[in-house]
Number of protein chains: 2
Amino acid sequence: MRQYEMMELVFPGKVPEGSEASVDLSAVFKKGEKTWRVKGFYAGNGTYKVRFLPEECGTYRFEVSGSVLEGPCKDSFNCEPAKEKHHGPVRAEGTALRYADGKNFTGFGTTIYAFFHQSQALIDETFNTLSKAPFNKVRLCIFPKHYNYNHNNPKYYAFERSEKGKDLKFEAEEGSQVAPNSSDLGEGGNNWDVHHPCFAFWDAFEENLTRLADLGIEADLILFHPYDRWGFSSMPQEDNLVYLDYLLRRLSAFPNVWWSMANEYDLCRAKTLADWEEIEEFIASNDPYRHMLSNHNCLKPWDWARENVTHVSWQSKQFQRVPELLSKYQKPVLFDECRYEGNLPESWGNISGKRMVQSFWRVMSVGGHCTHGETFYPGSEEAKKNTDTGESEVVWWARGGRLHGESPERIAFMRELFESFPGPLAPSPMGFSALVGKSDEEVLEMAKLAPKGFGAFLESIASMGTSERDRFICAEPTYLGHVGEEIYLRYLDTECCIVTTMQLPENGSYRIDLIDTWNMTRETVLSGVHGTVEVPCYGREYCAILAVRE
Amino acid sequence: MRQYEMMELVFPGKVPEGSEASVDLSAVFKKGEKTWRVKGFYAGNGTYKVRFLPEECGTYRFEVSGSVLEGPCKDSFNCEPAKEKHHGPVRAEGTALRYADGKNFTGFGTTIYAFFHQSQALIDETFNTLSKAPFNKVRLCIFPKHYNYNHNNPKYYAFERSEKGKDLKFEAEEGSQVAPNSSDLGEGGNNWDVHHPCFAFWDAFEENLTRLADLGIEADLILFHPYDRWGFSSMPQEDNLVYLDYLLRRLSAFPNVWWSMANEYDLCRAKTLADWEEIEEFIASNDPYRHMLSNHNCLKPWDWARENVTHVSWQSKQFQRVPELLSKYQKPVLFDECRYEGNLPESWGNISGKRMVQSFWRVMSVGGHCTHGETFYPGSEEAKKNTDTGESEVVWWARGGRLHGESPERIAFMRELFESFPGPLAPSPMGFSALVGKSDEEVLEMAKLAPKGFGAFLESIASMGTSERDRFICAEPTYLGHVGEEIYLRYLDTECCIVTTMQLPENGSYRIDLIDTWNMTRETVLSGVHGTVEVPCYGREYCAILAVRE
């Protein structure tokens, strides 16, 4: 047994007579004063399993019990220190993310919604691509996805069909372009027998989870979503909880899983707010390891202030709001969907590589995390590079394949830079973001503390009214982050200054590097500087200034 | 006398004994039932003038009276139809701008704040530049400007000095970098004798106004501003009104003048809101021709809903809000300051040509008007092209000189295109802008009218709350304008679609042109189309689709 690696106990047994999902099997693991309670699951083929993820070294005692066993089972094991590359689950620490072993995690995500629902050839190609790509988190769905350019049925589903669903073909209608599907309104809600998991599905799914872990990639698992023609989005709530129970029994002990309650929860019309809150509470109380847990919106943000929610998982193009959100929620801020590099007709999927890279820098230079996607229109000349499998309609963002956009190389350059920092970036108190949401009276109070020369500016901004002021502030971003007094990073975005000023601590000596985030160059331009420093710049877009304490 | 050309009556007289500004001289012009009342002014050198701008052809009778004359003077004149190129003052007509003769005016502005306060060589160079540039409106100040890269004293000031100001040198302090000046708080407020205009200043000013008119350029005259070391920004309010009275007597009959009450009114700390409202009312009631009148902000927008205000004159980077503002104010919307093409340290003055052109398209493709500026850092290699006069610190945005940025050529391309349209663009009802400022209840009502497939989207957006929704909408712009059913123009901005869809009327036949706004190309890709049309695109940024009714 190794720290941060899943251990598994296997028991033979009879096939359950009723539910194969909600079996009576649980275990208690103890180490010193600490206790972990986990549930086991039926794995098919007369086999029961109990999984556990040890995060501490040393001796654990455990006891497994349940009516599916012939009798209780007790034993102990010794957990050895982690091997290199095993860092344990990622968790929030204040506004930052860290692996369990304390290593900083900076989220360079990508999106492959239906990754595990593809042919083995395509899955293999995707893993091969990921092995060379700069991403350390992938957003992917448990259930298959029905959407533009996503019309194939998967090989397996998470559950066996119900009587009602037995003969359904689930073929996509010709040319069906999809807004959230009408099946989502409950008409298709009983096609599945959640008490009979499809074990082949889960086995394959877990194999792929492990392949991700081997590449050092977190699996941000999307548990529900509205783009559906199979009926998974409109199962009764009691079925949802059975499904979640089974999923948590099987997957919680994987070190690299995150729980994303939904992709675009607010478009899932079959679920009420109370359903979502019950789902959130169910996950939080049935996951012994407190994996990352959040919910992702289309339009209306989830209430990330809720106690069980570990981080902000926002679909948004409001890159300027990272400091505001960090301050508001005091949790890590992930832009889990902005737009994707590609050339689709849809505006969410047709930005240039420049824009994709710019989004990463806008979000991450002030301490947020960002998620990529690639969407080249099937049939376009460019999309011939989407896959070598010969399959049609392969678009990375949903199905994987090959990456050939301009952004991944630049994101790799960025990741190497960010991972050289001694800790997580946080926003520097520059710009107006501290004023967001404040009343005129509050801003006027803050204005009194400002240097004299700024009085006129602040008195004016104090009189704008909250709504107009908030929108103004969003249009006036400053992308300045720091790691304590070790690192100051200013992303210049569209500023083409030929010279600018950096404010550094008076005590200390800094080296200044100019970074061209697009051309991927880094050059030291000053050293031994402190205080107010005039920095010569390149006079072109997409550069950054990095001050490193010497 | 010609329609749309200023006529001038000149009277000899004694030098006024008291005020040379507020002289007793007025005239009534009559044509049929219509009457115009204007005031004359003392022009120095024992000369009085009365000016009038006839906008209708035909016979006018007039009577001039006042204690400065030896007796009243009556006469009449016949006004001949306008010569080509004379279109009269620009005025608002609904949300559009038109010259008095009905010709459409689309505002392609530029910014040369201290244009007329420069050496004759630099002024001449600037006019030469303007003669080849695409701009039809210039924002410029009556008073000189003190700011970064603006340290020279002008040759003349609008008034003679007071006793107090007699010996002041007004030299800029070494390296003075300027936020709104402290003199603005009233300390320097009595340096000028507004009752004694400097006639040489006004004569030169008017000569330059006429040179602008000859180039077909509107003069958006900035009457006050905070960037001051001479004391003009902090004159007593009664002096402000004497100044405005004299200005209006002299300049109102120029066809190409606009009144911009201020540049950044909200930073003029010596003036209260009541002062501004009095200024606004004074101008409106003393300008017989109702020239364009607005007020320009730094932060807090002026209340453009006020009756005397003819248009929105906004400093802002919130390009997405043009449809919202057009709908809210029902007046023309001018982005009179966004950012300037250049490489200054200051973020307002260091965007690329690409960004400048993008701003124009974002604002103007949906029926707004936009203002350019160029700001290459003095001393930078690039800035050697700023002027051939040999003068230092010449930056176009304040002092004029030469343009060498990348945007003017593209703005020229754009202007030629826009001026080929049969009328002013207006925003098409696409995107979310109609929801701005609405309550959740109001949005929910609107959602009920949406097509079924959009229900989930609209129900979610309806529950966001006004503040979050407004900010969301600002991040989701659609740049689609139209001229009736004649023209549909969609600016694709950062969208790199290889194909997209246009909704055209079912009745009618359209030609579709693809426009590359940066590379300045235009190519017909479809013709004879109507209804829902699939348009092949270039798959790169900064393109536009133009549908022209055949």
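Here is a friendly exchange about a predicted model of chains A and B.

Colleague: Nice to have this one on screen! What average pLDDT does chain A have?
Modeller: Happy to start there, since this is a predicted model. In chain A, 97% of the residues score at least 70, and the average pLDDT is 94.

Colleague: Which stretch of chain A has a pLDDT below 50?
Modeller: That stretch has 23 contacts in the model beyond near neighbours in sequence. The pLDDT falls below 50 over residues 181-186 of chain A.

Colleague: And for the complex, what ipTM does the predictor give?
Modeller: The predictor reports two scores for the complex. The pTM is 0.96, and the ipTM is 0.95.

Colleague: Let's look at where the chains touch. Which element supplies the largest share of the side of chain A that touches chain B?
Modeller: The contact takes 47 residues from chain A and 47 residues from chain B. On the chain A side, helix H10 (455-462), helix H11 (466-474) and strand S25 (499-503) each supply at least two residues. The largest share is 6 residues, and it comes from H11(A).

Colleague: How many residues on that side of chain A are nonpolar?
Modeller: The side of chain A that touches chain B includes 10 charged and 15 polar residues. The nonpolar residues there number 22.

Colleague: Now the helices of chain A. Are H6(A) and H8(A) roughly parallel or roughly antiparallel to each other?
Modeller: The axes of H6 (residues 353-364) and H8 (residues 407-418) of chain A come within 9 Å and cross at roughly 20 degrees. Angles under 35 degrees count as roughly parallel. H6(A) and H8(A) are therefore roughly parallel.

Colleague: How many residues of the contact of H6(A) with H8(A) are nonpolar?
Modeller: From H6(A), the contact uses Gly353(A), Met356(A), Val357(A), Phe360(A), Trp361(A) and Met364(A). These meet Ser407(A), Arg410(A), Ile411(A), Met414(A) and Phe418(A) in H8(A). Of the residues in the contact, 1 is charged, 2 are polar and the nonpolar ones number 8.

Colleague: Over in chain B, is the crossing of H6(B) and H8(B) left-handed or right-handed?
Modeller: In chain B, the axes of H6 (residues 353-364) and H8 (residues 407-419) come within 9 Å and cross at roughly 20 degrees. H6(B) and H8(B) are therefore roughly parallel. As for the hand, the crossing is right-handed.

Colleague: On to the sheets! Which are the edge strands of the 8-stranded sheet in chain A?
Modeller: This open sheet has parallel pairing, in the order S16-S15-S14-S11-S10-S20-S18-S17. An edge strand here pairs on one side only, and in chain A the two are S16 (293-294) and S17 (312-315).

Colleague: Which residue in S15(A) stands opposite Asp220(A)?
Modeller: Strands S14 (residues 218-224) and S15 (residues 257-262) of chain A pair in the parallel sense over 5 bridges. Opposite Asp220(A), in S15(A), stands Trp258(A).

Colleague: At what angle to S15(A) does helix H4 of chain A run?
Modeller: H4 (residues 273-286) lies across S15 and S16 of chain A. Relative to S15(A), the helix runs at about 165 degrees.

Colleague: One last stop: which residue in S5(B) stands opposite Val10(B)?
Modeller: Chain B has an open sheet of 3 strands with antiparallel pairing, in the order S1-S5-S4. Its edge strands are S1 (7-12) and S4 (41-42). S1(B) is joined to S5 (residues 47-52) of chain B by 6 bridges. Opposite Val10(B), in S5(B), stands Lys49(B).

Notes. Residues numbered from 1 in each chain as written. Chains lettered and ligands numbered in written order. Predicted model: local features only at pLDDT ≥ 70, side-chain atom pairs only at ≥ 80, totals over all residues. Axes fitted to C-alpha atoms, helices over the stretch in contact; angles between N-to-C directions. Helix = DSSP H or I, 4+ residues; strand = E, 2+ residues; numbered from the N terminus. Parallel < 35°, antiparallel > 145°, perpendicular 65-115°, else oblique. Contact = placed C-beta atoms within 7 Å. Nonpolar A, V, L, I, M, F, W, Y, C, P; charged D, E, K, R; others polar. pLDDT = per-residue confidence, 0-100. Pairing = 2+ DSSP bridges. Left-handed = near helix turned anticlockwise from the far one by under 90°.
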